[in-house]
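Got the viewer open? Keep the selection box handy, and let's walk through this one stop at a time.

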Amino acid sequence: MRESRGKLLIIGFGPGSFEHITKRAREALEESDVVIGYNTYVDLIRELLTDQEIVRTGMTEEVSRAQEAVRQAEAGKKVAVISSGDAGVYGMAGLVYEVLMEKGWRQETGVQVEIIPGISAINSAASLLGAPVMHDACTISLSDHLTPWELIAKRVEAAASADFVIALYNPRSGRRTRQIVETQRILLKHRSPDTPVGIVKSAYRDRQNVVLSTLGGMLEHDIGMLTTVIIGNSTTRIYDGLMITPRGYQRKYTLDADVQPLKPHQRLQSEAEPWALKQGDDGADDDDYLWEDSEDGQSEELEERSEWPGGADRSGSAETRERPAASAMKAIHATPFELAAEALRLVERSKGIAGADNAAYAAPLFRQESILEFALSSGLANKQFTARQMLALAEIAGDKGTIEYSPHHHLIVRVPTSEPEALASRLREEGFALAPIGDVVQIKACDFCNMEKGESVPYAETLQRKLGGMKVPKELRIGFNGCGMACYGAVHEDIGIVYRREKFDLFLGGKTVGRNAHAAQPVAEGIEPERLVETIERIVAAYALDGHPNERFHKFFKRVKEIEGYRHRDVPAFVIEDAVCGD
Ligand code: SAH
């Protein structure tokens with residue numbers, strides 16, 4: 001009964017070469033009575049056909065192609081509708097369903113439909129370029145035949161701003177030439193002109209052509225109807241003629257911090273991913289590539305392992321699949337990098353390459369980039385930058401770095417680099433002062449009236465040397481002002497130090513931000529200079545030791561009531577709700 005019902009076989013035959021056509025796609029072609037497709041596609045698969053009737057159509061006749069296919073299937077035939085790549089990606093699958101839906105077709109009673117997946121251009125192009133997709137990616141067709149240009153432009157904008165890797169399909173034709181230019185303009189608003197771009201023409205076909213370019217330079221190359229353009233994301237790099245997007249994002253490199261950038265094999269582990277949305281504190285290991293899946297009694301781990309060299313062949317059915325090789329069994333808790341390194345080792349060993357066992361770890365293929373992040377100033381007391389320094393800074397920040405002006409006499413600089421230490425030394429050689437940012441001690445001094453009142457500067461410098469950058473529960477600013485005018489606002493900081501009549505006055509617990517901000521409390525006058533540094537050291541040490549995580553210094557002072565003998569005075573305060581940032 002079912003047999004007499006006609007069938008639609010919607011086939012994606014991949015990029016174009018026979019090797020990349022799936023087994024099921026070949027079978028479906030063989031079992032069909034009629035093959036319907038665009039001329040070029042019919043030519044591509046011609047050799048696989050025997051006595052099927054062939055219905056060729058022009059490129060723009062997609063709708064009539066779909067209608068014809070449905071008509072013939074309804075007449076009881078097995079009809080193959082062919083698309084290049086995958087039929088569900090700007091292919092015939094949706095169109096055929098649209099025609100069917102219009103006719104009130106139902107799965108139970110209507111003609112049978114089978115969609116046979118194929119390798120889409122994003123995958124075939126990517127395989128020729130290296131590994132440019134890897135991370136979150138999207139496809140955007142620049143053809144505005146069926147989609148209004150405003151919508152396409154909006155999608156390009158959204159994808160660009162969200163840092164997707166983007167595969168552009170239908171980028172340009174003889175008539176549609178402006179779309180790719182406009183797309184480049186939108187992308188350049190969000191990404192550097194150096195962003196790697198891969199241009200692949202006729203992947204796995206006779207005239208295959210692969211070009212590596214950049215976002216700025218991409219339009220100088222031949223881009224046409226048979227081209228797929230892959231735009232890298234902000235982490236994509238070119239290495240030895242290949243375009244590679246790392247699996248994860250760059251880690252921050254904080255100056256002088258204990259924890260520094262991870263080696264590739266340390267990445268992709270949950271403890272290395274402070275940016276992740278936490279799943280509560282149940283301590284569950286939520287590694288997404290190693291989770292257990294019991295659907296068919298086999299774990300995802302096993303699935304994962306069977307994919308790497310030396311593991312089982314996964315082409316067999318679940319029943320016939322071999323157990324992974326013994327060496328594979330050890331790798332249950334390996335990271336993807338370790339798996340890749342193991343694969344490399346096995347290949348090199350089988351080729352008899354000496355030293356293969358350590359090769360992957362000993363000679364890193366490329367140096368991991370991280371984002372060097374620091375607060376930069378012209379110095380503790382010196383508030384002037386020179387033109388030469390600004391030039392050096394501009395050069396170091398380059399196109400990819402950012403320089404942000406902070407409210408604390410600092411420029412916050414973030415630069416992607418694989419050599420953070422070298423870059424930091426270069427800036428120090430230029431006379432800049434660099435400090436880590438985050439929950440650390442920062443010394444904020446005045447300019448000592450252009451150094452005319454500079455007697456107390458050595459004390460500020462000693463504090464900077466001893467305490468600057470030290471980790472504390474929450475960022476802690478020590479204001480240091482060189483005379484009683486305290487015009488740089490030391491008394492408004494967490495800890496205020498004011499030099500007056502050759503001695504120091506001390507202020508503790510300013511609330512520096514918020515609508516109920518208040519100055520610090522004066523706790524001591526006339527501290528002898530030789531006692532200053534140790535006094536401050538002891539106060540900071542107490543806070544570092546006893547402060548709760550994220551507890552600001554003024555709250556700590558209020559809670560413990562006394563630090564190093566300095567008592568907190570409770571002052572009745574107006575209760576004003578702190579505003580949430582952004583309100
Ligand atoms: N269904 C197809 C896409 C059809 S739209 C698929 O899944 O791949 C046509 C566009 O696909 C072309 O303009 C080009 O951007 C891309 N394309 C298809 N085959 C390609 C190939 N062999 N090499 C490069 N790009 C290809």
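At roughly what angle do the axes of helix H15 and helix H16 cross? Select residues 457-467 for H15 and 529-546 for H16: the axes cross at roughly 30° and come within 10 Å. Angles under 35 degrees count as roughly parallel, so H15 is roughly parallel to H16. Bear in mind as you look around that this is a predicted model.

Stay with this pair and check the handedness: H15 and H16 make a right-handed crossing. Now turn on side chains. From H15, show Tyr-459, Thr-462, Leu-463, Lys-466 and Leu-467; they meet Pro-529, Leu-532, Val-533, Ile-536, Glu-537 and Val-540 of H16. Color that contact by class and you get 8 nonpolar residues, 1 polar and 2 charged.

Next stop, the other partner of this helix. Keep H16 selected and add helix H17, residues 553-560. Here the axes are 11 Å apart and the packing angle is about 85°. Since 65 to 115 degrees counts as roughly perpendicular, H16 and H17 are therefore roughly perpendicular to each other. On the H16 side, pick Ile-539, Ala-542, Tyr-543 and Asp-546; on the H17 side, pick Phe-553, Phe-556 and Arg-559. By class, the contact of H16 with H17 has 5 nonpolar and 2 charged residues, with no polar ones.

Now jump back along the chain to helix H12 (residues 387-397) and helix H13 (residues 420-429). Their axes also get within 10 Å, but the crossing is at roughly 170°. That angle is over 145, so H12 runs roughly antiparallel to H13. The H12 and H13 crossing is left-handed. For the contact itself, show Ala-392, Leu-393, Glu-395 and Ile-396 in H12 with Leu-423, Arg-426 and Leu-427 in H13. This contact of H12 with H13 divides into 5 nonpolar and 2 charged residues, and no polar ones.

Last stop: the ligand. Which residues come nearest to the ligand? Out of the 19 around it, those are Val-89, Ser-120, Met-225, Thr-227 and Thr-228. Put labels on them, then go looking for polar atoms. Zoom in on Met-225, where a backbone N or O atom sits 2.6 Å from an oxygen atom of the ligand. Swing over to Ser-84: one of its backbone N or O atoms lies 2.8 Å from a ligand nitrogen atom. Finish at Arg-205, where an N or O atom of the side chain is 3.5 Å from a nitrogen atom of the ligand.

Key. Residues are numbered from 1 along each chain as its sequence is written. This is a predicted model: local features need pLDDT of at least 70, side-chain atom pairs count only at pLDDT 80 or more; totals for chains, interfaces and linings use all residues. Side-chain values use heavy atoms; hydrogens and water are left out. Axes are lines fitted to C-alpha atoms, for helices over the stretch in contact, and angles run from 0 to 180 degrees between N-to-C directions. Helices (H or I, at least four residues) and strands (E, at least two) are DSSP runs, numbered from the N terminus. A crossing is left-handed if the near helix is turned anticlockwise from the far one by less than a right angle, and right-handed if clockwise. Contact means heavy atoms within 4.5 Å. Ala, Val, Leu, Ile, Met, Phe, Trp, Tyr, Cys and Pro count as nonpolar, Asp, Glu, Lys and Arg as charged, and the others, Gly among them, as polar. A residue is near a molecule or strand if one of its heavy atoms lies within 4 Å of it. A polar contact is a pair of N or O atoms within 3.5 Å; within protein, one must be able to donate a hydrogen and the other to accept it, and residues adjacent in sequence count only if both atoms are side-chain atoms.
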